[in-house]
Amino acid sequence: MDVDFDKEGFLRHLEDWSPEIAVKIAGKDGITLTQDHWKIINLTREYYGRYKLSPVARVIVGIIKENMGPDKASSIYLMKLFTGRPARMVNKISGLPKPSNCD
């Protein structure tokens, strides 16, 4: 299957996403996906499915708090898992558009 990415590495077509594609995207950025990564990816995809918006970091932290507990609900935790610009990276690996507040 031929998958089309934009110049920043985001999928051009949401329907091209699969767990295998997520692993490839993450790998290009030096991230090995763990169980916690997958929980966040799936929660982010559910959020997008519900609201048709790519969640920003503040929203992702709220989703984590609601579903994974307050001990993991911090931007520091998110940065440890998804590096530098975590909201951008979570959405990218999740096959979603770049969040509107990301440069």
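This is a short tour of two helix packings that share helix 4.

Before you start, note that the model is predicted: local features need pLDDT of at least 70, side-chain atom pairs count only at pLDDT 80 or more, and totals for chains, interfaces and linings use all residues. Residues are numbered from 1 along each chain as its sequence is written, and side-chain values use heavy atoms, leaving out hydrogens and water.

**Stop one: helix 2 and helix 4**

Select residues 35-51 for helix 2 and residues 75-82 for helix 4. Helices here are DSSP runs of H or I with at least four residues, numbered from the N terminus. The two axes come within 10 Å and cross at roughly 110°; axes are lines fitted to C-alpha atoms over the stretch in contact, with angles from 0 to 180 degrees between N-to-C directions. Helix 2 and helix 4 are therefore roughly perpendicular (65 to 115 degrees; under 35 is roughly parallel, over 145 roughly antiparallel, the rest oblique).

Now show the side chains of Asp36, His37, Ile40 and Ile41 on helix 2, and of Tyr77, Leu78, Leu81 and Phe82 on helix 4: these residues make the contact (heavy atoms within 4.5 Å).

**Stop two: helix 4 and helix 5**

Keep helix 4 and add residues 86-93, which form helix 5. This pair packs at an angle of about 50°, with axes 9 Å apart. That makes helix 4 oblique to helix 5. On helix 4, pick Leu78, Met79 and Phe82; their partners on helix 5 are Pro86, Met89, Val90 and Ile93.
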